[in-house]
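Please open the structure in your viewer and keep the sequence panel visible. The tour below moves from one selection to the next.

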Amino acid sequence: MISIIHDSHSLDFRKPYGAVPFGTASCICLEVYDDNLCADFIFKTVKVVFYGNILDNKENNVKTYKETVLKCDTFEEVDTEYGRRKKYRFEAEFQADGPGVYFYYFELVQNDGIKHIYGDNDDFFGGIGRKYYYGEKVN
């Protein structure tokens with residue numbers, strides 16, 4: 001079993017925190033914990049999907065959609081409240097296409113084809129997110 005975590009209010013997962021001036025890059029991170037200590041790297045792709053509304057150069061409101069692949073160089077074994085687990089840390093840099101409001105969620109695809117979606121929690125105020133299930137709309 002795997003556990004996924006991203007906390008948009010924590011600098012461990014998103015730097016800088018909050019709104020940034022246009023042209024400023026942000027680092028976004030995701031951690032995944034895996035119970036199977038014997039398995040090789042289990043992910044085919046891990047990406048973050050950004051979407052929202054931006055202003056173009058004529059100040060028109062335009063919908064935007066951008067996917068960025070997250071990279072993970074290695075993993076480590078850690079002790080958790082659920083026992084010893086593999087911890088993967090995925091990171092990517094994001095720079096906005098224009099000034100506006102952006103939202104994001106994560107898509108993870110395992111080597112065996114199992115897909116995971118992780119996004120905002122049900123309160124819609126950020127912080128620690130949650131896993132979404134097939135057919136469920138991502139906040």
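What follows is a walk through a predicted model, starting with the whole chain and then going to single residues.

**Stop 1: the whole chain**

Show everything as a cartoon. The chain has zero helices and ten strands. Reading along the sequence therefore gives β-β-β-β-β-β-β-β-β-β, with strands being DSSP runs of at least two residues.

Now turn the view to judge the extent. Along the principal axes, the C-alpha atoms fill a box of roughly 55 × 30 × 30 Å. The radius of gyration is 16 Å, which agrees with the value near 14 Å that a compact globule of 139 residues would have.

Switch to a surface. The accessible surface comes to about 8,700 Å², and 53% of that belongs to carbon and sulfur atoms. Of the 139 residues, 41% are buried. If you draw contacts between residues at least 6 apart in sequence, 57% of them join residues at least 24 apart.

**Stop 2: the largest pocket**

Which residues should you select to find the centre of the largest pocket? The pocket has a volume of about 770 Å³. Of the 35 residues that line the pocket, the closest to its centre are Arg-14, Gly-18, Tyr-102, Phe-103 and Tyr-104. Next, colour strand 3, strand 8 (100-110) and strand 9 (115-119), the elements that give two or more residues to the lining. Strand 8 gives the largest share, six residues. Colouring the lining by class shows 19 nonpolar, 14 polar and two charged residues.

**Stop 3: Phe-103**

Stay with the pocket and select Phe-103, one of the residues closest to its centre. Phe-103 is found in strand 8. Is Phe-103 buried, partly exposed or exposed? Its relative accessible area is 43%, so Phe-103 is partly exposed, between the limits of 20% and 50%.

Show the surroundings of this side chain. Beyond residues up to four places away in sequence, Phe-103 touches Val-49, Phe-50, Tyr-51 and Gly-52. Then add Gly-119, 16 residues apart from Phe-103 in sequence, and draw the C-alpha to C-alpha distance: 9.3 Å.

**Stop 4: the bond before Pro-16**

Move to Pro-16, in the loop between strand 2 (14-15) and strand 3 (25-34). Most peptide bonds are trans. The one from Lys-15 to Pro-16 is cis, with omega near -10°.

**Stop 5: His-9**

Go back along the sequence to His-9, in the loop between strand 1 (2-5) and strand 2. His-9 counts as partly exposed because its relative accessibility is 43%.

Which residues are in contact with His-9, leaving aside its neighbours within four places in sequence? Select Tyr-17, Phe-125, Gly-126 and Gly-127 to see them. Gly-127 is 118 residues apart from His-9 in sequence, yet the two C-alpha atoms are 4.9 Å apart in space.

**Stop 6: Glu-93**

Select Glu-93 in strand 7 (residues 83-95). At 60% relative accessibility, Glu-93 counts as exposed, since exposed means over 50%.

Glu-93 still has contacts to show. Apart from residues up to four places away in sequence, Glu-93 touches Ala-25, Ser-26, Cys-27 and Thr-68. Add Ile-28 as well: it lies 65 residues from Glu-93 along the chain, and their C-alpha atoms are separated by 6.2 Å.

**Stop 7: Phe-75**

The last selection is Phe-75, found in strand 6 (residues 75-80). With a relative accessible area of 34%, Phe-75 is partly exposed.

Which residues does Phe-75 touch, not counting those up to four places away in sequence? They are Lys-86, Lys-87 and Tyr-88. To finish, draw a line from the C-alpha of Phe-75 to that of Leu-30. The two residues are 45 apart in sequence and 13 Å apart in space.

Terms used:
Residues are numbered from 1 along each chain as its sequence is written. This is a predicted model: local features need pLDDT of at least 70, side-chain atom pairs count only at pLDDT 80 or more; totals for chains, interfaces and linings use all residues. Side-chain values use heavy atoms; hydrogens and water are left out. Helices (H or I, at least four residues) and strands (E, at least two) are DSSP runs, numbered from the N terminus. On a 1 Å grid over the protein atoms alone, a cavity is a set of points where a 1.4 Å probe fits but cannot get out, and a pocket is an open set with protein on both sides within 12 Å along at least five of seven lines; lining residues have an atom within 4 Å of a point. Grid points are joined across faces, edges and corners, and a volume is the space filled by probe spheres set on the points. Ala, Val, Leu, Ile, Met, Phe, Trp, Tyr, Cys and Pro count as nonpolar, Asp, Glu, Lys and Arg as charged, and the others, Gly among them, as polar. Buried means under 20% relative accessible area, exposed over 50%, partly exposed in between (1.4 Å probe, protein chains only). Contact means heavy atoms within 4.5 Å. The radius of gyration is taken over C-alpha atoms; the globule rule is 2.2 Å times the number of residues to the power 0.38. Accessible areas come from the Shrake-Rupley method with a 1.4 Å probe; for residues, only the protein chains shown count as cover.
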